[in-house]
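Q: Got a minute to go through a model with me? I'd like to start with the rings and then look at some helices.

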Amino acid sequence: MKPLVHLIEAAKAQPRHIVLSEGEDPRVVEAGVRAVREGIAEITLVGRADAVHRLIETAGGRSDMLHLEDPSTSPLSPRLADAYLALRRNKGVDADAAALALRSPLVFAAMMVREAFADGTVGGATNTTAETVRTALQTIGRAPGVELVSSFFLMLLCEPHHVKKGVLVFADCGLVVEPSAAELAAIAVMSANSFRGLTGNVPKVAMLSFSTAGSAAHPFVSKVTEATERARAAAPDLIIDGELQFDAAFVEAVSRSKAPSSVLHGDANVFVFPDLNAGNLGYKIAQRIGGAEAIGPILQGLAKPANDLSRGCSVSDIFHMIAVTSVQARS
């Protein structure tokens, strides 16, 4: 798929060490074996040693291709438990609770990243988004100066019926339920930076609404307009416009009609939805009816990369998320 070429090549150019918390899931193991074979990442699988070894062999790999950490026997466990205790002591965690927490593969993997034993982590094939994201927030935490962690999807347009081909970013479709104007602005700036980092292309940001350039008056519209101004102030060089309906941001002819003065000219590649209702519905419609391939939710704003998977994910989905996480870990 051409839209993925840059991402895969970027991961191969500087592969990073990614820890997969669900090392007893056959899809995860197969994706990990593929990632090592194709050179996009160094991989650690977390799980019970005997189960993981069997799955590696079933996937056609060798145990010496990947690293394995069993939380119940790993020599890293005491050190990671001590670090977790120091991190969470003010939340009422004692030594016994810290040791117990490290038996969780999600926590173990996240603490490996926090303590620099790995560069990023991927989970969610068997755990819920809530569990995966909560663990990342509690252990890895936010990047310095970042007040909001949000998410986005890479939307790949490559089917024959897509008039436009390439990669789009949809945000936030998975995490922030009802962002304020300030939060929407932060999501816009972070999503633009994520798009640039993952694709190598110049971001062009559309702040979406049911109104275009003042065609409707409503507090929902005013919030998007305010968010656009805040994003411009925070990132003066950013190509951004709003409020815009999706067609005015995506179709040149509609842009000429509805928003002739827009700097986007119907060529936006980063779409910021006004709330989670709109974003989640939008990406699923684009995926299921429009035929776009969706990779995500990808988290942004964390101190180090940690990403979530759908529990219905395929081996290819996991492989691509490993590539995303490896590229994120370079910055």
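Q: So how many aromatic pairs does the count come to?
A: The count is seven aromatic pairs, where rings of Phe, Tyr and Trp (its six-membered ring) pair if their centres lie within 6.5 Å. This is a predicted model, so local features need pLDDT of at least 70 and side-chain atom pairs 80 or more, while totals for chains, interfaces and linings use all residues. Residues are numbered from 1 along each chain as its sequence is written, and side-chain values use heavy atoms, leaving out hydrogens and water.

Q: What kind of pair do Phe-170 and Phe-271 form?
A: Edge-to-face, with 5.7 Å centre to centre and 75° between the planes. Planes over 60 degrees apart count as edge-to-face, under 30 as stacked and the rest as tilted.

Q: And where do those two sit in the chain?
A: Phe-170 is in strand 6 and Phe-271 in strand 9, 101 residues apart. Strands here are DSSP runs (E, at least two residues), and helices are H or I runs of at least four, numbered from the N terminus.

Q: Are Phe-170 and Phe-271 buried or exposed?
A: Both are buried, meaning under 20% relative accessible area with a 1.4 Å probe, protein chains only; exposed is over 50% and partly exposed is in between.

Q: Which residues do ring pairs link into a cluster?
A: Phe-170, Phe-246, Phe-250, Phe-271 and Phe-273.

Q: Switching to helices: which residue takes a positive phi just after helix 8?
A: Gly-200, at about 80°.
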